[in-house]
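Work through the exercises below with the coordinates open. Try each task before reading its solution.

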Protein chains: 2
Amino acid sequence: MTKFDEATGAIRVDETTYDVCLDPGYSIGGPLNGGYLMAVLLRAVVDASPHEHPVTTSAQFLRAAVPGPAQVRLEQIKTGRTATMTRASLVRDGDSIIESLVTTATLGGAVPDWTDGPSVTMPPMEQCLWLPAPKIESNMTLNAQMELAFDPPTIGWLEGRPSGRPEARAYFRMAEPQDPDPYVLALAVDCLPPVVFSAGERGWAPTVDLTWHLRALPAPGWLTVIAGGRLISDGWFDEDVEVWDSTGRLVAQSRQLARVGRG
Amino acid sequence: MTKFDEATGAIRVDETTYDVCLDPGYSIGGPLNGGYLMAVLLRAVVDASPHEHPVTTSAQFLRAAVPGPAQVRLEQIKTGRTATMTRASLVRDGDSIIESLVTTATLGGAVPDWTDGPSVTMPPMEQCLWLPAPKIESNMTLNAQMELAFDPPTIGWLEGRPSGRPEARAYFRMAEPQDPDPYVLALAVDCLPPVVFSAGERGWAPTVDLTWHLRALPAPGWLTVIAGGRLISDGWFDEDVEVWDSTGRLVAQSRQLARVGRG
């Protein structure tokens, strides 16, 4: 069992309630990362489902979460041969952190009937830039959990040279050796800096809605995470993410709508 | 008041319940169109919200709906200065048709801080193909409510010449003169034939999750609806839709995960 498996563990209390402990190792400047929180929530949803995989997850984020004990509350809305639909809430101190709708199903390993390629070609990994390791006193503890090698222009904002368009692209794997699985993918779809940083924005960019689809079970090895956006307007932006596995298969897709950073 | 306004009307019973009447004019081979059903649900959500616009909607579709009386049941989860989050269900004869999470906010008309262009350039309207009018006995009543002028290769499947990739693109407006608004956009994001038809699939392709974002209030005139998909695999496909208004502004984005047609 890896640290990530432990940090996302959900303990069944009864058929509608799971106890979880939100881990301090996944914070981004204080609040916990949204992808990590989804992974925790999905552990409980899948444990309670007759199906094995969280195929589609729509999560709305109500407030920031800090580490500590919390609960996942479930209501199965419909279950059938192909899929089960569950309403799931992540609750901390009586406050709802995430409200979500999740469809679980069991994916096979079929060869795709049709597939597109990545929307952008990544440079080879040796030409990429590694995210600097967090300083000891940093409250970006998430960075210590994963290895990210960025397509250089998309991380230029870190040194004052934003590319001028909303984008972020990186190779990703967990720092502790771990084959990717659906929970790692829940983290991966929300693991990059907000795409608006590359368009020159800064500050906390809270997610309002993040919907992601698990398209296939990922093969072992590095993941490629490609993020972009179409519009920054009226204080809102979209962030679209594709995740490809080491065999070149599309394994996850997400889109979030978020608020442009303040402060 | 247009026919569409009437067909999507929601009558307040109390703060958590609205009566609606699902209109037979929006069926696709029997069941009602998912975009139409979202429009009905969103009328109730917005009426009960202190904010004016349905900015993000995540809807999971539990079963097909037929015309007749139904209810929208609401629970406001959180409300604040910027946004209100609501859980909303469309219920018919005691069965949940749609479960959704909706964030309402009030959009201004700000000039975008950054915007991409359409992912595909449409040919001029005079080179497009009009959807054939439905036969009188048709149960595709939805087609009579809207005018669609298709980018020719994307409707080739109708005459046995699918383009070989999941796609659909058309100019769209309501058949009855009506300026587009957020409810028309809810219809527009689900108004095209399933993109998999163009990849050679056929049959009923039920939506499991449809999440859409209202990005700006649309200007009067034609809308341009551009749909594509990335992967058809394991019985599932994604359908991504952009809607642009007559001034060339991105007004809506959606992605749905659906099942490949059976029968």
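The exercises cover the interface, its contacts, its symmetry and one helix residue.

This is a predicted model, where local features need pLDDT of at least 70, side-chain atom pairs count only at pLDDT 80 or more, and totals for chains, interfaces and linings use all residues. Residues are numbered from 1 along each chain as its sequence is written, chains are lettered from A and ligands numbered from 1 in the order in which they are written, and side-chain values use heavy atoms, with hydrogens and water left out.

**Exercise 1. Size the interface.**
Find how many residues each chain gives to the contact, and the area buried between chain B and chain A.

Solution.
- Step 1: take contact as heavy atoms within 4.5 Å. Chain A gives 60 residues and chain B gives 60 residues.
- Step 2: take buried area as the accessible area (1.4 Å probe) that two parts lose on being put together, summed over both. The result is about 5300 Å², with 52% from carbon and sulfur atoms.
- Step 3: look at the main contributors. Trp114(B), Arg230(B) and Arg255(B) supply 17% of the area that chain B buries against chain A, more than any other three residues.

**Exercise 2. Count the polar links.**
How many salt bridges and how many residue pairs in polar contact join chain B and chain A?

Solution.
- Step 1: apply the salt-bridge rule (a side-chain nitrogen of Lys or Arg within 4 Å of a carboxyl oxygen of Asp or Glu). It finds 12 across the interface.
- Step 2: check one pair. Asp116(A) and Arg165(B) form a salt bridge through their side chains, at 3.4 Å, N to O.
- Step 3: count polar contacts (N or O atoms within 3.5 Å; within protein, one able to donate a hydrogen and the other to accept it, and residues adjacent in sequence counting only if both atoms are side-chain atoms). There are 43 residue pairs, both at pLDDT 80 or more.

**Exercise 3. Relate the copies.**
What turn and shift lay chain B on chain A?

Solution.
- Step 1: superpose by least squares on the C-alpha atoms of residues with pLDDT of at least 70 in both copies.
- Step 2: read the operation. A turn of 180 degrees and a shift of 0.0 Å along the axis give an RMSD of 0.0 Å. The two copies are therefore related as by a two-fold rotation axis.
- Step 3: locate the axis. Ser58(B) comes closest among the residues of chain B, its C-alpha at 3.1 Å.
- Step 4: compare surfaces. 100% of the interface residues of chain B are also interface residues in chain A, so the copies meet through the same surface.

**Exercise 4. Place Lys3(B).**
Which residues does Lys3(B) touch?

Solution.
- Step 1: leave out residues up to four places away in sequence. Lys3(B) then touches Tyr26(B), Gln145(B) and Glu176(B).
- Step 2: compare with Phe61(B), 58 residues apart along the chain. The C-alpha atoms of Lys3(B) and Phe61(B) are separated by 25 Å.
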